[in-house]
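Hi,

Here is the structure I said I would pass on. Have a look at it first, and then read my notes below.

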Amino acid sequence: MIDELGQFALVLALALSFGQCALSVAGRVRRDAALAGAGEGAALGAFAAIVVGFGALIHAFVTSDFSVLNVAANSHTAKPLIYKVAGAWGSHEGSILLWCLMLTGYGAAMAASRRLPFGLKASAVATQGALGVLFIGYMVFASNPLARIDPASIPVQGDSLNPLLQDPALAGHPPFLYAGYVGLSVVFSLSTAALIEGRVDPAWARWIRPWALAAWGLLTVGITLGSYWAYYELGWGGWWAWDPVENASFMPWLMATALLHSAAVTEKRGALASWTVLLGLGAFGLSMMGAFLVRSGVLTSVHAFAIDPRRGLLLLGVLGVALGGALALYAWRAPALRDEAAFMAVSREGALFLNNILLAAATATVLIGTLLPLIRSAIDGVPISVGAPYFNLTFTALVAPALVVLPAGPLLAWKRGDLSGALRRLIGAAAAALAAAVATLALVSPGSVLAAAGIGLGAWVIAGALAEAAERVRLFRAPWPEVARRVSGLPRGAWGMTLAHVGIGVFALGAAFETAWRAEATEALAPGQSMRLAGFQLRLERVQEAFGPNYEAGRAIVRVADPAGRLVCEAAPERRVYAVNGQALSHVAICPRGLDDVYIVAGDARAAPSGAGVLIRGYWNPWVRLVFAGPLLMAAGGLLSLSDRRLRFAITSRVRAAAAPAPAE
Amino acid sequence: MNPAPTLRRAAIALAAVVLLSGAAAAPGDRLGDPAQEARARALFRDVRCLVCQSESIDESDADLAQDLRQLIRQQIAAGRTDAQIRGFLVSRYGQFVLLAPKPSLGNAILWAGPLLVVAAGAAALIARRRLPRESAPLSSQEEDALGKYCGDDQV
């Protein structure tokens with residue numbers, strides 16, 4: 001009964017989305033506030049209806065209602081409750097429902113927003129409604145998450161969820177990721193609306209900022225959770241593999257990052273208007289492309305899930321209609337956008353523009369590298385592989401210059417900057433970066449010039465961001481009360497920027513250090529034997545049996561001692577066998593030690609030199625915590641920016657500030 | 001009938017097998033010379049495990065990856081250069097086996113694409129700098145906009 005109610009609600013949501021689109025269009029064309037208001041009401045209704053459908057699916061999973069196909073295929077009574085709930089979005093159908101939940105949720109939030117002017121809002125709500133029609137229509141007609149099984153063949157037990165996916169980080173990863181992907185739909189709708197209205201001005205850039213910031217921050221958290229999951233769950237000791245599915249989530253992030261910076265130029269100076277609009281369309285376009293690539297099976301990936309080629313083609317159609325329509329509109333309307341605020345190459349705009357060029361090129365690298373194998377096999381049938389060696393080279397080559405320029409950007413004035421003045425204020429940061437690089441070369445062996453350069457770059461970005469913040473508050477140059485007044489008086493957006501820039505620097509430090517000096521050791525050990533890993537001693541104490549809620553495991557107890565012989569931890573990596581399908585998986589044990597991890601995997605049973613033993617693989621991942629902490633700092637910076645009161649209060653003062661002649665900040 | 005208890009017993013048996021039986025030991029596969037082994041590891045990272053999902057043979061536990069690792073170690077031990085080994089792998093498995101494709105006309109876009117984006121951006125930056133510093137008098141539309149910015153905007 002609840003299931004049928006849910007199915008009805010999903011169909012109702014489709015109808016309401018259609019109404020949302022049609023009423024908003026009519027309201028806009030006839031300049032009728034009542035009609036447009038009805039469109040907004042339909043947007044709220046569509047969200048409510050999807051919530052009902054989503055609730056019905058959660059209910060079916062929690063109660064293990066195996067008469068629902070989706071539940072029978074993806075759940076099991078022995079599964080812990082949290083993974084029953086998470087199972088609701090672990091399948092193709094469920095993940096599309098989660099996508100639609102987010103899409104209508106953002107649509108409702110936009111409809112409820114009081115800030116947007118009439119025309120822009122009606123056009124944007126109409127566009128969001130059209131996206132709703134496409135995606136909810138796809139769900140209702142081709143991907144029903146609540147479909148029942150023929151009553152004659154209802155199973156007694158479900159087929160479970162992949163045990164790899166039974167993990168807290170992964171339960172939270174899709175909601176964050178989708179909230180990020182789909183948050184970009186609002187930017188997409190507002191960009192389309194700006195094209196329809198034919199106006200892109202500083203106020204518009206200010207309006208898209210909270211949405212872009214929220215989507216970007218959520219996407220950052222989602223990707224980091226996914227990366228962390230891959231790190232500790234897959235047992236390979238790495239955190240990024242340039243796998244096509246990872247790339248599919250990374251491309252919208254790169255473009256959203258470019259968008260935040262380009263929108264800052266549009267907001268403060270009215271320049272780069274059509275470019276900002278293009279990024280707004282492209283960011284969600286890449287989100288949709290990712291959704292298609294991941295589910296269609298055209299890519300081979302360890303993470304590909306919920307694959308269904310036949311429906312993949314339909315999803316490609318959805319993507320083509322949405323993105324093709326938007327780009328056609330762009331081609332038609334963008335030339336009419338006025339965008340002629342002039343600026344010198346050396347200026348804040350120039351630095352942000354350079355950042356955008358490099359981020360766009362980095363996106364192009366990831367896009368081409370991900371798609372070329374598909375294109376080549378379609379055109380000339382030559383299968384090629386594009387993997388980590390290519391991406392590491394090209395991506396680093398494009399992002400490193402962006403990081404070099406980064407600290408100077410916020411120190412340059414708008415319109416016409418003073419490069420030598422900015423560099424003078426960065427002397428301290430340059431000294432810190434040089435010291436970090438030299439210290440790395442001198443102290444860490446084996447020496448690596450490339451890694452030392454990476455460390456220096458990370459230090460440069462962090463010190464540069466802090467130097468800029470110090471400059472703003474006149475640290476050490478003004479009396480303390482004045483500094484304190486400036487600290488509290490600076491807009492939160494500025495602090496958010498500083499925090500996010502420190503975050504990317506922290507990430508660079510971690511990535512450079514970990515990549516250069518990670519160590520690995522593999523030995524077959526019998527109980528009592530030990531091996532060395534980067535100075536640590538790993539001794540296998542014993543092997544015992546262990547039992548989980550839905551698996552049996554062989555557990556190796558490994559004593560980890562540091563170079564001085566002190567106990568670091570007793571690790572207990574497991575080799576788990578899941579009762580349902582007999583799938584065997586490694587459960588990694590991680591000993592955190594400051595910023596570093598000792599990472600231990602128990603493998604198959606192997607013959608050790610002195611009898612029966614277990615294959616123990618250990619990784620020493622120095623500074624790896626920074627790789628995850630950096631992006632979280634960036635997301636925190638986004639959150640801080642989002643709390644900026646300028647994004648929430650009276651519109652006139654904000655617009656006036658935006659139109660005032662470039663204030664020296 | 002609920003098949004779970006049977007599976008459970010089978011799984012316990014399997015876990016015991018996995019933990020106690022002896023098999024070929026990976027540590028024994030390594031080359032004696034650490035420099036040669038390091039070369040082998042570097043090559044492993046560039047070679048695709050053909051039966052896996054976009055993994056290198058350095059990461060994969062698949063049998064084919066194991067075979068390829070042994071093949072590469074043998075060739076290194078026999079004194080072949082990295083280029084010779086790559087050439088051999090390509091002749092045997094095709095371009096698909098290399099994770100970093102060899103530069104060729106069909107692959108040129110991999111390197112040209114990002115460079116073109118940078119070039120286009122640089123061109124746009126230069127073109128923008130040449131724009132006249134003083135723009136034309138305000139149009140009526142702009143006057144409206146200015147009025148809006150100056151405070152009489154009701155939104």
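Below are some notes on how to read the model, followed by what turned up in each chain.

Residues are numbered from 1 along each chain as its sequence is written, while chains are lettered from A and ligands numbered from 1 in the order in which they are written. This is a predicted model, and local features need pLDDT of at least 70, side-chain atom pairs count only at pLDDT 80 or more, and totals for chains, interfaces and linings use all residues.

For the complex, the predictor gives an ipTM of 0.81 and a pTM of 0.88.

Let's start with chain B. It has 6 helices and 0 strands (both are DSSP runs numbered from the N terminus, helices being H or I with at least four residues and strands E with at least two). Its mean pLDDT (the predictor's confidence in each residue, from 0 to 100) is 73, and 70% of its residues reach 70 or more. Among the elements of chain B, helix α4 (residues 82-93) has the highest mean pLDDT, 92, and helix α1 (residues 4-20) the lowest, 37. Over residues 1-25 of chain B the pLDDT is below 50. Where pLDDT is low, the predicted coordinates should not be read in detail.

The domain assignment (bounds come from an automatic or database assignment) splits out domain 1 (29-97) and domain 2 (103-129) in chain B. Their centres, taken over C-alpha atoms, are 34 Å apart.

Now for chain A and the cores. A nonpolar core here is a set of buried Ala, Val, Leu, Ile, Met, Phe, Trp, Tyr and Cys residues joined through C-beta atoms within 7 Å; buried means that 20 or more other C-beta atoms lie within 10 Å of a residue's own, with C-beta atoms placed from the backbone. The largest core has 216 residues, and those touching the most other members include Trp99(A), Val187(A) and Ala215(A). Helix α8 (residues 202-233) of chain A gives the most to this core, with 19 residues. A second, separate core of 24 residues includes Leu538(A) and Tyr619(A).

Finally, there is a hairpin to look at. Strands β6 (residues 574-578) and β7 (residues 584-587) of chain A run antiparallel and are joined by 4 bridges (strands pair if DSSP finds at least two bridges between them). Arg575(A) stands opposite Ser586(A) in β7(A). The hairpin has 5 residues between the strands, and Gly582(A) takes a positive phi near 70 degrees there.

Cheers

Conventions: Contact = placed C-beta atoms within 7 Å. Buried ≥ 20, exposed ≤ 12 C-beta atoms within 10 Å, placed from the backbone.
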